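Biologist: I am new to reading protein models. Could we go through one together, feature by feature?

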Amino acid sequence: MSSSDPILSHQNPENGFVNGMVDYSGRPSLRSHSGFWRSASYIIGGAAAERFAYWGVSSNLITYLTGPLHQSTAGAAASINIWGGSGLMLPLLGAFVESYLGRFRTVVFSSLLYVLALGLLTTSVFLDCKGSPTQLDILFFFVSLYLIALGQGVYRACILAFGADQFDDEDPHELRCRSSFFNWWSFGMCVVAPVALPALNYVQDNISWGIGFGIPCISMVIALLVFIFGFKSYRYRVKVDEKCVVSRVSLVFVKALMNWRAVPCPSANNDDEEQHNVPRLYSQQYKFLNKALLAPDGSFEYEQLHKMQEVEEAKAILNLVPLWVTSLAFAITYAQPGTFFTKQGITMDRSITPTLDIPSASLQYTIGITAILFIPLYDRVFVPLARILTATSSGITELQRIGTGMLLITLTMVTAALVEQKRLKTALEYGLVDTPDARVPLSFWWLLPQYIMFGMSEVLTLIGLQELFYDQMPCGLKAVGLSVYLSILGMGQFMSSFLICIIQKVTSEGGEDGWFSDNTNRARLDCFYWLLALLNAIGFLAFFYFARNFSSNTSIRGTVVC
C-alpha cells in the first residue's frame with residue numbers, strides 16, 4: 001500500500017491518526033480502528049500455521065533422507081544444514097522484493113509460492129514411494145525442497161516486520177506492547193510444535209510420508225487465508241520514496257569507497273566555518289561513510305537531505321555487524337536439535353508404555369514446550385519486576401537478554417556432551433557398540449535437560465536479536481534489519497555444515513569411523529558438543545566486549561521519513 005500524499009506522513013499522533021500509516025483503502029489510519037493487538041493476532045495466527053508447515057517438513061527430514069533416500073548420517077545432516085541455511089539467507093532477497101511490492105503483497109505472493117512448493121514436495125514423495133528412488137526422483141525432491149526455502153525465506157523477511165508495524169513507536173503504550181509482541185510472536189511459533197507435530201511425525205514414521213508432507217501443505221493454505229482475512233484491520237506503511245531501500249544503502253558504501261581518497265574542500269576544513277559547511281549527522285561512528293556525501297569537487301552535497309538519511313541508514317547496518325559476527329557461534333549450535341540431537345534420541349529407550357514409543361524427532365518439541373512455559377513467565381513476571389529495578393521498558397536491555405542466552409547455550413552444550421558420554425559408556429557396557437540398530441538401555445529422559453536449556457536460551461537470544469535488529473533500524477530498513485538477523489541463523493547453518501564435512505574428513509582418515517559415523521555408537525558426538533561449547537564461550541566473551549561499546553541508534557529513527 002502506498003500513497004504520494006505528503007500529508008499522510010505527518011499526521012499528528014494525538015488526533016487519532018497514526019503517523020506514516022494508511023488503512024487498506026489508502027486513507028489515514030485511525031488508531032482505534034486499525035493495528036495493535038487485533039491486527040497482530042491475525043499475523044501471529046497465520047505465521048504459526050506457516051511454522052507448522054515448515055517444521056512439519058524440517059523436523060523429521062533427517063529420518064526421510066537417511067531412510068527412503070538412503071543418505072548417510074553426515075551427508076543428510078550436511079544437506080539439511082545447507083537447505084536450512086539457504087532458507088535463512090533468502091530473507092535478504094525478500095527484503096529486496098519488499099522494497100518494490102510492499103510487505104503485505106510480498107507476504108501474499110511468497111505464501112502462494114510456498115503452497116506450490118509444498119504441493120510439489122508431496123508429489124515427489126508419492127513418486128519415491130513406488131520403489132527405489134531414481135536420480136530424477138531425488139532431483140525433483142530437492143528442487144521442491146529449495147522452492148520451500150525460497151518461499152519461506154521471502155515470507156519471513158516481511159511477516160515479522162509487518163506485525164511489528166501494527167504498533168506505533170510514537171505512542172508510549174503501543175511501544176511497550178511492541179516489545180511484548182516479539183515475545184508473544186515467538187510464543188505463537190512455539191505453541192504449534194508440541195501440540196501438533198508429534199502426531200504428524202507419527203504419521204510420517206508409521207503411516208505415509210506422502211500424507212505426512214501433504215498436511216503441511218494444507219497448513220500453509222490456512223496460514224494464507226488467516227493472514228488475508230485480517231487485511232481490513234492492518235496498518236500499511238506509507239511509501240514516500242520509490243527508490244529501492246537496499247539499492248540506496250548499497251550506493252552509500254559504493255560512493256564512500258569511490259571517494260576514499262577524496263579530501264573535503266578547504267572551506268569544509270576551516271574551523272570557523274565547520275559548523276556551516278560540514279553536515280551534522282546524529283551518528284558519530286563510521287565517519288568514513290560521510291565521504292559518500294562528497295561531490296566530485298570535494299565539497300559536501302546539500303541539495304538533497306535524503307543523502308544524509310541514506311548515510312545514517314548505512315551506519316545503522318554497519319553498527320550491528322560486530323554483534324552479527326559474535327552471534328554466529330550460537331547460530332551453529334541452533335542447527336543441532338534437528339540433526340544430531342535427533343540421531344542421539346533414535347538409539348535410546350523412547351518407550352512411554354510397553355507398547356508405545358515416541359518418535360525421536362518429537363523430542364525437539366520439548367524446546368517448544370519450554371518456550372511456551374517460559375515466555376509468559378518472562379513477559380508477565382520477570383519483565384514487570386525488572387522494570388521496577390532498571391526503569392527500562394523491557395525490563396532488561398536487548399543486549400543483556402542476548403548475552404544471557406549465549407551463556408546458557410554454552411552450558412547446554414556442556415550438558416549435551418556429558419549426556420552423550422554417558423550414552424556411549426552405556427552402549428559399551430552392554431556390548432552394543434557394533435549393533436547400531438539396537439536400543440541402548442538409557443532412557444530418553446536424559447536428553448530433556450539439554451532440550452529445556454536450549455529452549456530457554458532460544459527465547460532469550462533469538463527474541464532479543466529480533467527486537468534489537470528491528471529496533472535499531474530506521475523505518476525504511478525494518479525488513480532489512482530482520483533479514484540480517486535471520487541471516488545469522490542461515491550463516492550458522494552453512495558453518496555447521498562446513499564444520500561437519502571438515503571434521504568427518506579429518507577424523508575418518510585411515511579407515512576410522514569419524515565423529516559422525518553412521519553407527520552412532522561409534523561416533524563421537526560428545527567431542528563435537530565440547531567443540532561447540534568452546535565456540536559459544538568464545539562467542540559470548542566477544543559479544544560481551546562489543547556490547548559494552550555498542551552505541552544505540554535509536555536517536556536516528558526520526559531522521560528517516562517513514
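**Reading a model step by step**

Modeller: Gladly! Let us begin with Phe36, which counts as partly exposed at 22% relative accessibility. Keep in mind that this is a predicted model.

Biologist: Where is Phe36 found?

Modeller: Phe36 lies in helix H1, which covers residues 36-58. Its backbone deserves a look too.

Biologist: What is the phi of Phe36?

Modeller: Here is the general idea: most residues other than glycine have a negative phi. Phe36 is not a glycine, yet its phi is positive, at about 60°.

Biologist: Thanks! Now the whole protein: how many helices and strands does the protein have?

Modeller: There are 20 helices and 7 strands. The protein has 562 residues, and 57% of them count as buried. As for the surface, about 23,500 Å² is exposed, with carbon and sulfur atoms supplying 65% of that area.

Biologist: And what share of the contacts comes from residues 24 or more positions apart?

Modeller: Among contacts with a separation of 6 or more, residues 24 or more positions apart account for 79%.

Biologist: How do I read a pair of packed helices? Take H4 and H6: at what angle do they pack?

Modeller: Look at the angle and at the distance between the axes. Helix H4 (residues 91-101) packs on helix H6 (residues 135-164) at about 60°, and their axes are 7 Å apart. Angles from 35 degrees up to 65 count as oblique, so H4 and H6 are oblique to each other. Their crossing is right-handed. On the H4 side, the contact is made by Pro91, Leu93, Gly94, Ala95 and Glu98, and on the H6 side by Leu150, Gly153, Val154, Ala157 and Cys158. Sorted by class, this contact has 7 nonpolar, 2 polar and 1 charged residues.

Biologist: How does helix H3 pack with H6?

Modeller: H3 (residues 73-89) meets H6 at an angle of about 35°, with the axes 7 Å apart. The crossing of H3 and H6 is right-handed. H3 brings residues including Trp83 and Leu88 to the contact, while H6 brings residues including Phe142 and Arg156. The classes here are 8 nonpolar, 5 polar and 1 charged residues.

Biologist: May I try a pair? I would like to know at what angle H16 and H18 cross.

Modeller: Helix H16 (residues 365-390) and helix H18 (residues 448-471) cross at roughly 50°, and their axes come within 8 Å. H16 and H18 are therefore oblique to each other, and H16 passes H18 in a right-handed crossing. Among the residues that meet are Phe374 and Tyr378 in H16, and Tyr451 and Glu458 in H18. By class, the contact has 13 nonpolar, 3 polar and 1 charged residues.

Biologist: Back to single residues. Is Gln493 buried or exposed?

Modeller: The cut-off for buried is under 20% relative accessible area. Gln493 has 10%, so Gln493 is buried. This residue sits in helix H19 (residues 478-507). Leaving out residues up to four places away in sequence, Gln493 touches Ile80, Asn81, Gly84, Gly85, Leu88 and Ala335.

Biologist: And where is Ala523 found?

Modeller: Ala523 is in the loop between H19 and helix H20 (525-548). With a relative accessible area of 3%, Ala523 is buried. Ala523 and Asp513 are 10 residues apart in sequence, and their C-alpha atoms are 6.8 Å apart in space. Beyond its neighbours within four places in sequence, Ala523 is in contact with Leu424, Gly514, Trp515, Phe516 and Ser517.

Methods:
Residues numbered from 1 in each chain as written. Predicted model: local features only at pLDDT ≥ 70, side-chain atom pairs only at ≥ 80, totals over all residues. Heavy atoms only, no water. Helix = DSSP H or I, 4+ residues; strand = E, 2+ residues; numbered from the N terminus. Buried < 20%, exposed > 50% of the residue type's maximum accessible area, 1.4 Å probe, protein only. Contact = heavy atoms within 4.5 Å. Areas by Shrake-Rupley, 256 points an atom, 1.4 Å probe, with all protein chains shown as cover. Axes fitted to C-alpha atoms, helices over the stretch in contact; angles between N-to-C directions. Parallel < 35°, antiparallel > 145°, perpendicular 65-115°, else oblique. Left-handed = near helix turned anticlockwise from the far one by under 90°. Nonpolar A, V, L, I, M, F, W, Y, C, P; charged D, E, K, R; others polar.
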